[in-house]
Each structure stands twice: as C-alpha cells, then as structure tokens.
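Colleague: I have just opened this one and have not looked at it before. Could you walk me through it, one topic at a time?

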Amino acid sequence: MLKVYLLALHSALTDFLASNNISAAQIQEDHQRRVREAETQEINEGNSNSQDDRESEENASESPEQKKKRKRKETATLAKIKQSKEFARRKSRRVGEPDDDDEFIARELMYEKSRPLPGQLEHCEVCGKRFTVTPYSKTGPNGGLLCAKCSKEVANDDKKAKAKKRGPRTGRRQNQSNLLDGLAQQGALSLAEMCTKKVADNINDIEEFGDLPSQLLHRLSQILSKRRALTPRTLNLFLRPDLESIDIYDAAKLEADDFQKIFTFMPTLRHVNLRFAGQMKDGVLEYMLDRDLKIKHLHLDSANLVSDSHWQRLFQKLGPQLESLKLSNLDSSFDDETVGTMSRYCTGLRRLKLKYCWKMGNGSLQAISDLTSLEHLSLSFVQDMDAEKLLELISGVGSNLRTLSLQGFPNADDRLLDAIHTSCQNLTKLRFSGNVVCTDKGFSSMFTGWSNCPLEYVDLSSTRDVDNSNPDGPTEATGLASEGLVALMNHSGFRIQRLDISSCRHVSRAAFEEIFADGKIYPQLKELDVSFHTIMDDYLVGCIFRCCPELKKMIAFACFNVRDAQVPNGVALIGGLKAQNTIIVESTV
Amino acid sequence: MRNRTEFQGYELTLHHQGPTASRSDDFDANWEIIQSALKQIHTKNASHLSFEQLYRNAYNIVLISRGNDLYGRVQQWEKDWLDTQVSARATAAISPPLLLAKDVANVQDQANERRAAGERFLQVIKESWEDHQLCMGMITDVLMYMDRVVTADHNKPSIYVITMALFRDHVLRAPIPNHPELVVANILESTVLFMIHLERLGHIIDRPLIRHCIYMLEGLYETVQEEASGKLYLTSFEPAFLEASKVFYKAEGQRLVETGDATEFCKRATTRIAEERERCTYTLSPLTEPKIKEVLDNELIRAHISEVVNLEGTGVRTMIDNHRLEALKEVYVLSSRVDGKKLPLTAAVQNRIVEMGRDINASALVTATKLPEKNADGGKKAADKDKEKPINQQTTLAIKWVDDILALKTKFDSIWKDSFESDQVMQSAITTSFSEFINSNTRSSEHLSLFFDENLKKGIKGKTDDEVDALLENGITLLRYIKDKDLFEAYYKKHLSRRLLMKRSVSMDAERQMISKMKMEVGTQFTSRLENMFKDMAISEDVTASYKTHIKKSGDPDQKRVELDINVLTSTMWPMEIMSNSRGDEVQLACVFPRDIERLKKSFEEFYLSSHSGRKLTWQGNMGTADIRANFQRPNGKIQRHELNVSTYAMIILMLFNDLPAGESLTFDEIKAQTRIPGHDLIRNLQSLAVAPKTRVLKKEPMSKDVKPTDKFFFNSDFQSPFMKVRIGVVSGGANKVENQDQRKGTEKRLNDERAGSIEAAIVRIMKQRKKLVHAQLMTEVLGQLSSRFTPDVNMVKKRIESLMDREYIERIEDDPPTYGYVA
Amino acid sequence: MAATNSSQSEYVTIVSGDGFEFVIPRSTACVSGTIRRMLEPSSKFSEALTGRCVLENISGVVLEKVCEYFCYNQRNKNQTNVPDMDIPPELCLELLMAADYLDT
C-alpha cells in the first residue's frame, strides 16, 4: 500500500517537487530506507498491520514510550504546519492532485524545516565549496544544498523545464482568454505576428527599426501601447523622416518634449494619431503649427491641456487642409465657439469624430450641420441635446454620409430615424445606441423602403425601454425590437458584416426564428452581439450559425439559455452560461 | 542591434536628405523594370520573368512610400494598353453586318452573314477578356505587396478590381469608329440577342461562346465596390434580353392563339419554358431564370391562358370530353405557374361538370315531369294505366342517374389524379361543382337512396366483398355532396324499412356495412335511428320465436293454427307514413281481421303485453304478408291446390270468399264495408287479385283495369298457374320506387316538420347554454349546428324563434341589436 | 540543379540571397503567400516553371528560420494551443521583415 502511494506521488509530483527544491532522489532514498526499516520491523513484529508503518518507519529502534512521545510531538508539529500560510499556499498550488496529500505536504514542510538554517555554513553538493546558507539556497539533485553559483545554474535549468511543461497546462486558460478576445483561430500565429511580439518583447534591446515597413511599425506601436511600453526611448524608434504617419496609441508616458520631437523628425507627416496625449500642451501645438506640416489626418485623445484659443489657432492654420479630425476626451476646453471655428475653417473635412468632449452643446451641433463635405460622422455627447438640432444636423449633412455614429442622444425620437430615412442614401455604417425613446415602429419604417444601400456595420445596442417598474416594456415596443430587426435584416442582411443588438431586449423569439429561418443566409456577417437577449438559446444559436457561414465572433453575455451550443470551428462564442463547454467542443472537433 | 540602414536618433535629419534624392531614382529604376514586365505579361512572354524580382521591385517602391504612385502608374499603363491594343482589336472585329438594325434576323442570307460576323466578334471579345483576366491575375500577384499596403492605407480597391473596371470603360464602352452613338457593349448585346433569336427560331448556335461572353459580363461591375446587383450582366444585358424576350413571346403567344389549337399552344409553351430554362443554364446565367420565367408566364401564359382554356373545339371542354389527360395536364401545369387558383381552368372544369351534371339530371327527370301533365289532360283511366310503367321506369332512371354521376365522378377523379396532380384547389372546385348540380336536382336524395335500395336488394348479388364495398363507397361519395342529409335519411329509412319488413335485403352484412359507412361519413346521430330499426328486427325475431314456444307450451290443440311471424316496431324509429293510420285527412279505423286471425292477434297481444306492460301495439295491416293454401274446385271435380303468398289485406279479402257460397259475388263497397281496408289499399289489392293476368284469383265484373265501387268480384275457381306456389304482389305497393307528386309532397311536409323540430331543439340548446345572445350570432350558431344534416332556411329559423318566444322558451330582451334571453 | 518539369514536382528549392538552398515540400513552401503566388502554375513565371525561388533580399540565416517556420506552421495546422516557435531575439527584426515580405 505504501509503495503504491509513493509511486503515484513519484509520477504526479515530480515537477512540483523539483520546482520546490525537493529532490526526488532524496525522497526515493528516504523511501527505500523506510521500506528497509519496515521490513525489519515486520520481521520483528511478525505480521504487523501496515497501518502504523508510517509511524514506525521513522525510528524503528525507539522504545514504545519514546515513540509515543515523538509521535505526539510530530502530530502537534504537523497540525501547526497545517494551519500555516505556507501550507495553504502549497496546497492551493496542488489543485487537481489526489486529495489525500494534506499529510504529505505537511510532512514535506517539516522535512524542509529540518534542513540547515540560513546563516549556517554548508558544503555545496555539486562543487563542494563551502558557503553560507541563505533562504534562497537550492537543494541539489541528491538533497544537499548548493552554493549561490550552482543554485543559479539549477534555477536556470528549472526555468526551462518549467517553461516547456507549462504549455499544455496553461493552454486551456490561454484558450479561454483568446476566446474572450474573439480569437478562435486554429493553427500557428503568422510568422510576422510572432516576430512582432518578439520585437516588442525585446524592445529595450533594439536601437532602431531600420526600414521596417510602416504597417509593421503601426502594429508594433499597437502592441507596445497595449503593454504600456511606449516610453520616450521607444518613441524614438518610430520617428522616421521618410514616413508620413505616426500612430501612438498610448502617449501617456510622453512628455511635451517628446511630442515636439515627433514634429521635428517627421517633416512629411500627414497622418497624426496620438492617444492619451496628456502632455500635449499649447506649446507643443504651437510648435506643430510653426513647422508647416501637411497634416491631413489628425487624431488626438485626452489632449486636455490645449486651450480653446489654441484649438482655434489650429483650425485657422490647418483647417483647410484637414480631411479627417478625431478628438476625444476633452473636458476642460473645446467649447461651442471652438467648434464654430472648426466648422468655419475645416471646409474640406470628410471625417469627423468628436467623442466625450464635455463642453460641446447645442451650438456645436449647429456648427457641425454646416460641414456638408462630411462623409463620416461620429458624435458622442456628454450633455443632453435638443432633438431638433439633431434633426437639422442630419438633414444638413446626411446625404453624403457613409458613416453615422450617434451615441449619447438618449432623448432623440422617431423623427430622427425618419430624418435618417429621408436624408441618408449612402450609409454603410450606422451606430445609434443608448436611446430610450425611439420605437420599434420607427426603426421598422426607417429600414423599410429605404433608398440607402445595404448597411455593413450596424450597432443599435441598448436601444430599449428602461422603466424598471415595467420589466416587459410597453406593448408598443421601445427601441429596436422584432419588427425593426426583421426590417433591418431584410434591408441589409445580404451585406451586413457586423451587427450589435445587445440589450435590444424586446426582440421576440419568433422574430429571431424568422430572421434565422432555414434557408436564410447572411453571407458576410462576421460579428454578432446578442448579449442580454434572454430568449436566445442553443437552438437559436444553432440557427444563427447555420445562417451565417462567415461568422467569426458571437458575443452572447447573459444569454442564460445558451448552454451546450455546438460551436463551429473557427467561431468564437463569447459568454453563454457554460462557457467552458465551448472550449471542449473547440478542442475535440 | 541594428537593422540595415544607418539611422540613429537626432542626426537623422541630415542623413535623410540623401536618400530622398536617390529614392526617386529608385522609383524610376524599379518602375522601368515593372513596366517592361507588364508588357511581357500582356504579350504572353512571362516565362523568363522572375516573379521574385518584380515582387521585390514593387516591394522596394512601397518601402520608399511610393506605393500609391506605383498603383497610379500601373493603372495608367493598363489604361493605355487597353486603349491602344485591346480596344482597337475589339472594334476592328465589328464588321458592317453587326451594325445593321437590330431586328432584321428574318432575312435569311443577311442572317447567315451577320451570324458569322457575330461569332468572329464574340470570339475576339472572349479572348480579350480572358487574356486580360489572366494577365491581371498575374500582375496582381506580382504587385501583391503594393496592393496590400495601398488598399489599406489609401482605401482604394485592389489593382485587380481597378483594372477590371478599366476593361469595362476602355474596351466594352469604347466608342465604335464612325458610330459615335454606339459602344462595343451595344454590339455585344445586340449580337448575343441576335444569336438567341436565331436559336429561338430553331437554329443551332455556339452556346459556349456566348456563355463565355456572359461570364465576362457577370465578372464586371458598375462600380469598384462590386455590389452583386451592379454586375454589368444585370445592369445592361439582362434588361435588354428580357425586353427582347418579351417582344418575341408576345408575338409568339399571339400567333399560337390564332392557330386556335389549345393542345398545340400548351405543347409549345411547355417546350419554350424548358428551352428558356436550358438557355439560362447553358447559354446565359442562372440568375436570369426566375426573371425569364416571369416573362414567359406573363406573355405566354397569363395573357392567353383564359382564351386557350376556352378555345372552341380544342379547349379544356373538348379535352375533358375526349378525356385527354396529357393535354389537360399541360393546361394545368401552365395555369399553376401563373395562378395558384388557376381561375380560367377551374372555371372551365366547373362549367363542364355542371353542364354534364345537368344533362344527367335532365335525363332522369324527363318522365317524371311528363307524368303530371298527362294526368292533367288525359282521363284518370289513362293516367292510372300509365302510372305503372313510368314509375318503374323512373326508378330505373333514378338508379341510372346515380350510375351516371358515379361514372362522371370516376372520370373527373382520374383527370384530377393524372392531369391535375391531385391539386387541392382543383379538388375543391370539382367537389363544389358536383355538389352544385347534384343539389340542383331536388330528387337527388331519393335517387341516391333508391340506388342503395336497388343494390342492396339485387345489385350486390354474386359480388365479392370488395366489389360490394367499392359500390357502397361510390354511393357514399355521392352522399357527401348532398346537402340535405335529413331528406336522404328520410328516404333511406323508408326504403330500408321496406327491405327489412319484406325481407328483401340480399345481405344483412352489406346493410350493416352501409350503416357503418354512413356513420363514418355523416355521424352517429344520423345513423342511430337506422340502427334502431335493425335492433327492432332482431328483437322481433326473438319475440316470434318465444311466442312460438309459448304457444307450444300452452298446448293449443288447434291443428289448423295460423303460423305467425311478427315484427314489433318502435313507432318513433320507423318512417312515419308506415306507422300512421291516417292517410290524408280521413280517419282510418282499424281493419277487420277474419276471426282466426283476430284470435291470433289477441293471443299475441296477450303474450306480448304480459312481458312488456304499458306498451301499445298497433297492427299495421298494410305491411304484412300471408301464405294461404287455396283450393280451386275445378268443374271436373278435381281440386287444384295452390299456395298463395299475398299481402295481409289480400288475405283478408280472400278470406271473405271462404264464407261465400260458390258463384256468389261481393261488390267493392261490400268488401270495403266488411274489411274496412283503406280504399286506396283495397283498390290496389283488388287489382292484383282480379286484374293482374297471372294472379287472377278473383274474377271481376265488368272486366277492366279500373276498380269501381260497384264492381263485382267472384272467386275464380278456374285459376290456373304452372306453379304450386304463387306470389301475388301488390300493385305498386311493395317495391321501393320513385315517389309520385303526392307522396313527394307528403315527404316534404314531414321533412319540414322534422326540420322545424330540429331547429327549435338547436335554438333551445344554444340559448340554454348561452343564456343571452344577439340575433345574428344565434343564427350563425344554429346554422353551424345543423349544417351537417341540412341547410336550414333562414326564414324557417326566424319563424321558429318567434314560435319559441310565443311559447315563452326564450324572450326578446333588447331590440337594437335584437337580443334574446333564455327563459328558464 | 534546376528541376525540370517542376510544376509537378513535390519539392521546390528556396534560395537565399547569399546562396543557401533549401529544398522543401511545395505545400510547405506555400505557407508563404508570396511563394505560393510565385509558384502558381497558371501564371508561368520563371519560378513556376523551374520550381526554384531565389529570394535576393533574404539571408541564409533568416531563410533557414523561415523554413523552420513553414514546417512549424504545417505541423500545427488546425490545432489549438499551439506553442510559440522559438525566435532568437537577435534575428527577430530581420525575420519580421522577411515574414512581411513573404506574406507569412
């Protein structure tokens, strides 16, 4: 019995022991010694039961009295150890192994404690040198301690071994993490992606990128930003005079000087994208303007230290040449007057995105209405806006728009949808979310008989009724519901690529069944978000998979009836009640 | 760590000046190589070109941020190439015949010339397109790096897409020299349409060649977004094709209708449909199939189907008459393409059914309608004489009527199955029509019942179970059409009662089978009374048997005892006219039975009432029969014995002569007074005893067919018959026949009384449940409840409501809208 | 050395700028989008005809690693939890350039 026990340990715990400086050989030796002792004991005691093998093995020559005493002491020690933090830690690390090893861990700790204490002198097991024991001294292959140098070597070896072993063990976790990122792709990463990561890993050893193509620089910038590794030093790598664009997704660690450097070293800049640009100050802006850059695309985020007067100067100078302007998270400046200046000077603007600019009000909406050259417009307001002003805006700029994104207009009503219906013919992307007034009928009549080309990107999430006292919503559904969704899919189903209808909670099951009926096909739909549609279940999800051959990512948070849906290869189903099941399906198919 | 170019920190700006200068050189050098390669590729000389080198050239250009310029250059180069080389070749291939006006295909020699020129031209277009496609595939591959970067950075379509658009603009839309209003695509379109026209006229054309040109139109788009709806094929060629087809089929449809042959029309239309489908698969594009189908449906079918269906002499009517299943099927298939209801066809079929049905009705009614006329102008004598025959004939006609309808039904069933693909719409149309004409014959219920009667009495003799089953089933199908099921029930009951009482049924199994079939078809309520009749018969058998044992036990010594077979009938279950003692208005007293019989009657009544106290037995003399042994004293002293099977009344009459000395006579009135047999029955019985030639047991003076009150009757001791047993039927009494006018009136009256009862019952049932109901709703519910038995007359229902109000079963509680309440 | 009738051949030769040759299965080489197009039989470029691709701007050291990647990619096709391939840091920039060039 004992033998089996140890053998099992041997196979299951070797890694663990190694990583905790417990030598397998030592245990083996101990074990053999114990077995030998047990054998002698057995001879002495006849056919004694193996039950107290464990106790007897410790010291066979003890008198029963001594033995009892020692045993009591040991039990006390073990109990104490079992209470200790270290024990809990080790035990938690050992999840998934036989449960009966409390005793084992405790004993292990006890043995560990019995080794030489830090500060004592000891001979290294490997090289034989005399050295001072420290808490970090490692155990050698035969159980003896190692000197600092040998310890390091062993540690290095361990690390490699550990790294290799970790692969499959963390796979599940990694897989789940990838799934949450919407990655369900199989097979190896592309070499370029792998190298890009490797470059990012070693960014501090790199002196320059050479003539790395700009799209690779862009990707590197993204990865470094995500890792928060874009520092004044790494920024230098991106400053190449031959390039026309700079994309820094996390400029939070950059100082005013660094921004200035960008404009110094990149004289041909046309495309500027700086996010979290907190240190982008008036001075920097002035410097930029003085450099006479041919900037056409300007995207600044969190440039809060720029004053209204300097924004206005910027527009006065660059306005006529700007084609695309994206500003976000400006709370201390950028008021209606500035927006007025913008609309006066930026006459060629084709793309405009203004998000979370706190000071913008109705005046801004009015000013934007004059920008008739706009093709892409994204607005996310913090203040409440007049519905009428929004209508004016749509009728003013709607006809050329290809993108329309409206967030933060909770009170816009069906008249807005009607205005979109009449004004817009060229939209391919439409976002209108977080509204609580527009009705299903309004959505339905917007999509019905609409001369607009089919939409490719649609986000109508969180358009719904939010009266908590009436959980089912009004009988005439508020927000995008059954009729509207059916009308949308009839209008755009053939071209739609991304659809977000999360929290459009009044869509009926019948509507989903109609939309995803047998034979219907949405050939381009790649991403679908149906979170908080509680009627969604395995059957409907199956229908969706059948109707959307190109689907790559489906988000279904809080869809409690999505339990064991069969997820096709290469599709990431995010959310769902038993998310783990999807992994099993993934890996077995 | 360093990568290639020297480039470091702040000194960078200095370094930088040099490379830019050299970079434009780099661009030109690289472009030179690419440009010459483009030409090599277009002239099919690529085998010595190194993909890698070209790819690297393009890559280098992209690395110095000139990718967009390269894109522009390639675009320009291709434009020039298409203009100078390809377009020139295409326009050169356009020879004068192709420029001729579009619709001169009919002139034969010109057609041949144009066709040859067209094929040459299409060949050139096809080759140009395929070359362009192949070369641009190669070039796009080589420029892949550029494509990747430029499409991403500048939001431009792939170079492949752009150069396809160039082909569209610079080849297909290149103007034709000397014809500024025309472009190559116009010629392509007219040429392809011309070819298709030729094929429609029966020529063989080069389908794959056209298909390839169509592939081209399907591969090119109006915009670089390449929207599926923007395929050139859909935007330009297809509308033209559909328009041309419309014109062609309009003319063809007109022509075909004018030939006046519906069968031919359908055949051609079917062939054309198949042809066009094939054309879409092999010559044009499957995308067009639904649209050309629409054109065919509109121009060929929708426009003409009604006319075709109704074509005199060849249309659906003729097809039906000649049972041309194939032709009908074609009509059906064509009709169902355009119209789920197939109106013209259903109308034609329905008309024909009703017409044929009317003929059947008419032939069955011919004599029936003649009868009263004769009665009116001819003397009563003549009428009575005629009555015998026509009535029998009518029965035969009634049965023939049923047989004819069944034959008609079989015919249309086979048409429905084989030609109309068992279509539901057609079925209900056929059913409606059958129902219409069957119900238009007021005697249909009676006829049908007679049909069953005939078959159950004689028809099924010697038939197998399956045959019998099929026969009955046929009858049941007709029953399905009959609206007034209660009327049918009345007749069936009457006829059944005769069969049962006179033991005329061939097979009781068949009778029961019939009942269960009706039960399935019409419901239990309908058959319950009929079933009770069977029960009465069974009980009566038991009663007869136990009476016999009773008599034996009681040890009646009378050797000359009369044997009694008796049927005790529950009065409510059997036909009323059998049960009632009254005929017309006169109250009929019970007839006087001879003493022996009276004794028997008493004895049975005693026996029966002893076990069934409280019941009342009424003796129906008109229904029974009797076997009499009669002795005829011949002049030579011999006595000739015959066993006579006669009706109960005849037996009573004959018994009178037992007490009469030989040679004495009784007058009609005397007989009537002594027997109290109802006059009508008496006449008939005397007729069969004294007038019918083979059964003249009595002699009458004066000898005539009529029976007058003063006529004298003698016992005919000279009665001769070759048979020992003689059956003396009662004239027009025993057999089930078509009713005459009077009987019919009686039946109707009884029926109406019964209906009134049913309606009242229904009203009370409904009101009891609902307590309060609006008039209109009450009407609907009543009609709904009764529809399975008959279609109640609305006025009758109203009258019943009023009557119920008078009798205070219900009351009117509101006037607007009229509402009734139930009076508990 | 140039393979004849190589469009059918199962193996192709990839040559580095400094003359190192790697003979690898065609399907393995086609992990690279660039090489796949290069060898596309219908286009009839010289590489497609000879089955020999000279990559002038890639050194032998880098190309070796690239070929290793091709094999690694093939081996892990349609598998989940693929462990990353080991890339020496000193090569990673050049390899990145090559990967980009080869559309891999």
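**Where chains C and A touch**

Modeller: This is a predicted model, and a good place to begin is the contact between two of the chains, where 23 residues of chain C are in contact with 26 residues of chain A.

Colleague: Which elements give two or more residues to the side of chain C that touches chain A?

Modeller: They are helix H4 (60-75) and helix H5 (92-102) of chain C, and the largest share, seven residues, comes from H5(C).

Colleague: And how do the residues on that side divide into nonpolar, polar and charged?

Modeller: On the side of chain C that touches chain A, 13 residues are nonpolar, seven are polar and three are charged.

Colleague: Let's stay with H5(C) for a moment. How many of its residues are buried?

Modeller: The helix is mostly covered, with 10 of its 11 residues buried; among them are Cys92(C), Leu93(C), Leu95(C) and Leu96(C) towards one part of the list, and Asp100(C), Tyr101(C) and Leu102(C) as well.

Colleague: What do those buried residues pack against?

Modeller: Elements from three chains are involved, as the buried residues of H5(C) pack against helix H8 (191-201) and helix H9 (214-226) of chain A, against helix H2 (51-63) of chain B, and against helix H2 (33-39) and H4 of chain C itself.

Colleague: What follows H5(C)?

Modeller: The helix is followed by Asp103(C), and the phi of Asp103(C) is positive, near 55 degrees.

Colleague: Zooming out, what is chain C made of?

Modeller: Chain C has five helices and three strands, and from the N terminus on its elements run β-β-α-α-α-β-α-α. Of its 104 residues, 45% count as buried, and among contacts in chain C with a separation of 6 or more, 66% are between residues 24 or more positions apart.

Colleague: Now the other two, starting with chain A. How many helices and strands there?

Modeller: The secondary structure of chain A comes to 22 helices and 15 strands. Chain A has 589 residues, of which 35% are buried, and residues 24 or more positions apart account for 71% of its contacts with a separation of 6 or more.

Colleague: And chain B, how many helices and strands?

Modeller: Chain B has 30 helices and 11 strands, and buried residues make up 34% of its 824 residues. Among the contacts in chain B between residues at least 6 apart in sequence, 71% join residues at least 24 apart.

Colleague: What about the nonpolar cores, how many residues has the largest one?

Modeller: The largest nonpolar core has 226 residues, and those with the most contacts inside it are Cys195(A), Ala58(B) and Met146(B). This core draws at least three residues from each of domain 1 (17-230) and domain 2 (239-303) of chain B. Leaving aside residues up to four places away in sequence, Met146(B) touches Ala58(B), Ile61(B), Val62(B), Gly67(B), Leu70(B) and Tyr71(B). A second, separate core of 76 residues includes Ile301(B), Ile320(B), Ala398(B) and Val402(B).

Colleague: Further along chain B there is H27(B). How many of its residues are buried, and what covers them?

Modeller: Helix H27 (residues 679-691) of chain B is mostly covered, as 10 of its 13 residues are buried, including Asp681(B), Arg684(B) and Asn685(B) together with Leu682(B) and Ile683(B). What covers the buried residues of H27(B) includes strand S4 (639-647), helix H25 (648-658), helix H26 (668-675), strand S6 (698-701) and strand S7 (712-715) of chain B.

Colleague: In what sense do S10(B) and S11(B) pair, parallel or antiparallel?

Modeller: Strand S10 (residues 810-814) and strand S11 (residues 819-822) of chain B pair in the antiparallel sense over four bridges, forming a hairpin with four residues between them. Within this pairing, the bridge partner of Ile810(B) in S11(B) is Tyr822(B).

Colleague: Last topic, confidence. What pLDDT does chain B average?

Modeller: Chain B averages a pLDDT of 81, and 88% of the residues score at least 70. Among the elements of chain B, helix H6 (residues 159-172) has the highest mean pLDDT, 94, and helix H23 (residues 576-579) the lowest, 58.

Colleague: Where in chain B is the pLDDT below 50?

Modeller: One such stretch is residues 1-21 of chain B, which has 29 contacts in the model beyond near neighbours in sequence. The pLDDT also stays under 50 over residues 370-389 of chain B, for which the model has 10 contacts beyond four places in sequence. Where pLDDT is low, the predicted coordinates should not be read in detail.

How values were computed. Residues are numbered from 1 along each chain as its sequence is written. Chains are lettered from A and ligands numbered from 1 in the order in which they are written. This is a predicted model: local features need pLDDT of at least 70, side-chain atom pairs count only at pLDDT 80 or more; totals for chains, interfaces and linings use all residues. Two strands pair if DSSP finds at least two bridges between them. Two residues are in contact if their C-beta atoms, placed from the backbone, lie within 7 Å. Ala, Val, Leu, Ile, Met, Phe, Trp, Tyr, Cys and Pro count as nonpolar, Asp, Glu, Lys and Arg as charged, and the others, Gly among them, as polar. pLDDT is the predictor's confidence in each residue, from 0 to 100. A residue is buried if 20 or more other C-beta atoms lie within 10 Å of its own, exposed if 12 or fewer, and partly exposed in between; C-beta atoms are placed from the backbone. A nonpolar core is a set of buried Ala, Val, Leu, Ile, Met, Phe, Trp, Tyr and Cys residues joined through C-beta atoms within 7 Å. Domain bounds come from an automatic or database domain assignment.
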